[in-house]
Structure formats: structure tokens, C-alpha cells
Amino acid sequence: MKIIVTSKVYEYLENLVIILYENEYFGFKDSAKKYVDDLYDDIITNLPAHTKKPAPRYFDKYGKGLYYATFKKNKNTQWYAFFRIYEERGELIYQIRYITNNHTVAQYL
């Protein structure tokens with residue numbers, strides 16, 4: 001089994017550190033970076049074990065036939081990893097194509 005993250009997702013996570021710090025969700029940039037790193041590690045480590053649900057059609061713009069899994073980071077925020085699953089040379093591949101949170105997309109789920 002392999003987890004692949006698209007370059008757009010990496011870019012989003014890099015920008016998320018800046019957004020969280022500049023909008024004062026975290027008082028220190030290092031704290032925002034740790035939060036994002038922990039989120040990334042949680043997704044990469046635990047995605048296959050999480051319950052997956054078919055993504056609504058709204059998310060087809062990130063790829064057809066996506067699934068999503070939920071990652072709760074605190075009492076107010078849940079993160080959603082949208083991914084596709086396929087097999088290549090007998091190995092199961094999880095390709096993460098989009099990450100967002102409940103503050104942004106809850107109305108579509």
C-alpha cells in the first residue's frame with residue numbers, strides 16, 4: 001500500500017501554515033507549522049484505517065470517483081481528505097487530491 005499526495009495538496013498545506021499564523025489562529029508560526037505537520041502525518045499514517053465515504057458530486061472537480069475520510073483535530077475543526085484508490089502492479093494506491101475543513105465545505109457533505 002502506498003499513499004501519494006498531489007503537488008496541489010502539498011502547496012495548500014504550505015500555504016495553510018501562513019494562513020493559520022496570519023489570521024492569528026496560532027500565535028507563533030512554529031505552532032501553525034506543527035499543527036499542519038501533525039495533520040499531514042495523521043492523514044498519511046491513518047488514512048487506510050479511516051472509514052471512507054463516497055464524495056458528493058460537488059467534489060468531482062478534484063477528480064472523478066473520489067472518497068473522503070474525516071480527521072478531527074479539535075472540538076471545532078474537522079479536516080477532510082479527498083482521495084481516489086486504485087491498484088498499480090498489485091499494490092493499493094491512495095492518491096490524496098484535496099484537503100479542506102468543515103468551515104469551508106460542511107454544506108456540501
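Buried here means under 20% relative accessible area, and that cut-off comes up in several of the views below of this predicted model.

**View 1. Gln-95, a buried residue in strand β5.** Gln-95 is found in strand β5. Its relative accessible area is 13%, so Gln-95 counts as buried. The side chain still has polar company: a polar contact of 2.8 Å joins it to the side chain of Arg-84, and another, at 3.1 Å, goes to the side chain of Arg-97. Setting aside the neighbours within four places in sequence, Gln-95 touches Ile-4, Thr-6, Phe-82, Phe-83, Arg-84 and Tyr-86. Arg-84 therefore turns up twice in this close-up, once on the contact list and once as a polar partner of the Gln-95 side chain.

**View 2. Helix α1 and what its buried residues pack against.** Helix α1 takes in residues 7-22, 16 residues in total. How far apart should its ends be at 1.5 Å a residue? The expected span is 22 Å, and the end C-alpha atoms sit 23 Å apart, which agrees. Look along the helix for Val-9, Leu-13, Leu-16, Val-17 and Leu-20, which are buried. The buried residues of α1 pack against β1 (2-5), α2 (29-46), β4 (78-88) and β5 (91-101).

**View 3. Two loop residues with positive phi, Glu-24 and Arg-89.** Start with Glu-24, which follows α1 and is found in the loop between α1 and α2. Glu-24 is not a glycine, yet its phi is positive, at about 65°. Is Glu-24 buried or exposed? At 70% relative accessibility, Glu-24 counts as exposed. Now hop over to Arg-89, in the loop between β4 and β5. Here too phi is positive in a residue other than glycine, with a value near 50°. Arg-89 has a relative accessible area of 80%, so Arg-89 is exposed.

**View 4. The largest pocket, with about 270 Å³ of space.** Which residues lie nearest the centre of this pocket? Those are Leu-20, Tyr-25, Thr-77, Asn-101 and His-103, out of 13 lining residues. Helix α1 gives the most to this lining, with 4 residues. By class, the lining of the largest pocket has 8 nonpolar and 5 polar residues, and no charged ones. Leu-20 is also one of the buried residues of α1.

**View 5. Asn-101, a lining residue in strand β5.** Asn-101 lies in strand β5 and is among the residues nearest the centre of the largest pocket. Its relative accessibility is 10%, so Asn-101 counts as buried. Beyond the neighbours within four places in sequence, Asn-101 is in contact with Thr-77, Gln-78, Trp-79 and Tyr-80. Thr-77 is a familiar name by now, as it lies nearest the centre of the largest pocket along with Asn-101 and others.

**View 6. The second largest pocket, with a volume of about 160 Å³.** The lining is made up of Thr-6, Lys-8, Val-9, Tyr-12, Lys-61, Tyr-62, Arg-97, Tyr-98 and Ile-99. The elements giving two or more residues to this lining are α1 and β5. How many of the lining residues are charged? There are 3, alongside 5 nonpolar and 1 polar. Two of the names link back to earlier views: Val-9 is among the buried residues of α1, and the Arg-97 side chain makes the 3.1 Å polar contact with the side chain of Gln-95.

Definitions and conventions. Residues are numbered from 1 along each chain as its sequence is written. Side-chain values use heavy atoms; hydrogens and water are left out. The expected span of a helix is 1.5 Å times one less than its number of residues. Buried means under 20% relative accessible area, exposed over 50%, partly exposed in between (1.4 Å probe, protein chains only). Contact means heavy atoms within 4.5 Å. A polar contact is a pair of N or O atoms within 3.5 Å; within protein, one must be able to donate a hydrogen and the other to accept it, and residues adjacent in sequence count only if both atoms are side-chain atoms. On a 1 Å grid over the protein atoms alone, a cavity is a set of points where a 1.4 Å probe fits but cannot get out, and a pocket is an open set with protein on both sides within 12 Å along at least five of seven lines; lining residues have an atom within 4 Å of a point. Grid points are joined across faces, edges and corners, and a volume is the space filled by probe spheres set on the points. Ala, Val, Leu, Ile, Met, Phe, Trp, Tyr, Cys and Pro count as nonpolar, Asp, Glu, Lys and Arg as charged, and the others, Gly among them, as polar.
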